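Work through the exercises below with the model at hand. Each task is followed by a solution in steps.

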Amino acid sequence: MFRDVTFTDVSRTDALHDCASFVMDEDAFRAFYDRTARGVWAYLVRVTGDRATADDLLQEAFYRFLRAAAAHDSEAHRRNSLYRIATNLARDARRRNLFRPSAGLSGDDIERVAAGGDQARATERRTDFIRAMAHLKPRERAMLWLAYAEGASHREIADALGLRPGSLKPLLFRARRRLAVLLGNKK
């Protein structure tokens with residue numbers, strides 16, 4: 001679906017040559033990628049429910065981030081911009097029906113269940129969590145993942161998802177409560 005592009009290919013485009021604010025060289029980009037790729041990929045897997053789609057979207061997110069050549073005030077701003085791109089790509093993929101959230105067990109999960117003991121209980125909890133997350137709306141999954149898996153602040157989540165910071169707190173509260181109900185922890 002996506003062709004392989006090197007940093008040099010992207011940096012040769014006229015858009016980047018004309019943009020004086022682009023200060024990320026290849027080494028800086030590689031370091032940024034190393035710091036953020038795993039978290040963005042995990043976020044995309046959780047939002048889409050599909051590893052293959054997350055792989056494609058991760059590649060496209062970094063490509064678009066690099067092509068945007070935007071000036072960023074800080075590492076946090078750069079990271080929020082990347083998550084915003086990833087979120088928009090996941091929304092577009094959902095609209096095109098490129099993914100279907102999966103709640104099935106993988107081969108690794110089946111092996112852990114067969115091993116018995118605490119592994120089976122941990123796998124059961126994980127499976128329940130995956131199924132519950134699959135029943136949430138994509139925006140709810142994204143908010144919960146960014147808040148609890150990534151440790152993002154409310155402002156960072158709002159920026160990444162294109163929400164007003166003031167509306168995030170009640171939305172996150174409702175998403176948390178809905179997840180608790182789905183998990184059977186009615187409070």
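Two residues are in contact when they have heavy atoms within 4.5 Å. This is a predicted model, in which local features need pLDDT of at least 70 and side-chain atom pairs count only at pLDDT 80 or more, while totals for chains, interfaces and linings use all residues. Residues are numbered from 1 along each chain as its sequence is written, and side-chain values use heavy atoms, with hydrogens and water left out.

**Exercise 1. The chain as a whole**

Task: Describe the protein chain by its helices and strands, its contacts, its buried residues and its exposed area.

Solution.
- Step 1. Take helices (H or I, at least four residues) and strands (E, at least two) as DSSP runs, numbered from the N terminus. The protein chain then has ten helices and zero strands.
- Step 2. Take the contacts between residues at least 6 apart in sequence; 67% of these join residues at least 24 apart.
- Step 3. Call a residue buried under 20% relative accessible area, exposed over 50%, and partly exposed in between (1.4 Å probe, protein chains only). Of the 187 residues in the protein chain, 36% are buried.
- Step 4. Compute accessible areas by the Shrake-Rupley method with a 1.4 Å probe; for residues, only the protein chains shown count as cover. The protein chain exposes about 11200 Å², and carbon and sulfur atoms supply 49% of that area.

**Exercise 2. Lengths of two helices**

Task: Compare the end-to-end reach of α4 and of α8 with the expected span.

Solution.
- Step 1. The expected span is 1.5 Å times one less than the number of residues in the helix.
- Step 2. Helix α4 covers residues 51-68, 18 residues, and is expected to span 26 Å; the distance from its first C-alpha to its last is 25 Å, close to that value.
- Step 3. Helix α8 has twelve residues and should span 16 Å; its end C-alpha atoms are 15 Å apart, so the two values agree.
- Step 4. Look just past the ends: Ala69 follows α4 with a positive phi of about 50°, and Gly151, just after α8, has a positive phi of about 70°.

**Exercise 3. Packing of α8 with α3 and α9**

Task: Find the geometry and the residues of the contacts that α8 makes with α3 and with α9.

Solution.
- Step 1. Two packed helices are described by the angle between their axes and the distance between the axes. Axes are lines fitted to C-alpha atoms, for helices over the stretch in contact, and angles run from 0 to 180 degrees between N-to-C directions.
- Step 2. For α3 and α8 the angle is about 145° and the axes are 9 Å apart. The residues that meet are Gly39, Ala42, Tyr43, Arg46 and Val47 in α3 and Arg141, Ala142, Trp145 and Leu146 in α8.
- Step 3. Sort residues by class: Ala, Val, Leu, Ile, Met, Phe, Trp, Tyr, Cys and Pro are nonpolar, Asp, Glu, Lys and Arg are charged, and the others, Gly among them, are polar. The contact of α3 with α8 holds six nonpolar, one polar and two charged residues.
- Step 4. For α8 and α9 the angle is about 145° and the axes are 10 Å apart. Here Arg139, Ala142, Met143, Leu146 and Ala147 of α8 touch Ile157, Ala160 and Leu161 of α9. By class, this contact of α8 with α9 has seven nonpolar, no polar and one charged residues.
- Step 5. Check burial: the buried residues of α8 include Arg141, Ala142, Trp145 and Leu146, and those of α9 include Ile157, Ala160 and Leu161. The buried residues of α9 pack against α3 (26-48), α5 (75-95), α8 (138-149) and α10 (165-182).

**Exercise 4. Three single residues**

Task: Are Val40, Asp56 and Ser81 buried or partly exposed?

Solution.
- Step 1. Val40 lies in helix α3. Val40 counts as buried because its relative accessibility is 0%. Not counting residues up to four places away in sequence, Val40 touches Leu58, Leu82, Tyr83 and Ala86. The C-alpha atoms of Val40 and Tyr83 are separated by 6.9 Å, with the two residues 43 apart along the chain.
- Step 2. Asp56 lies in helix α4. Asp56 counts as partly exposed because its relative accessibility is 30%.
- Step 3. Ser81 is in helix α5. Ser81 counts as partly exposed because its relative accessibility is 23%. Leaving aside neighbours within four places in sequence, Ser81 contacts Phe65 and His72.
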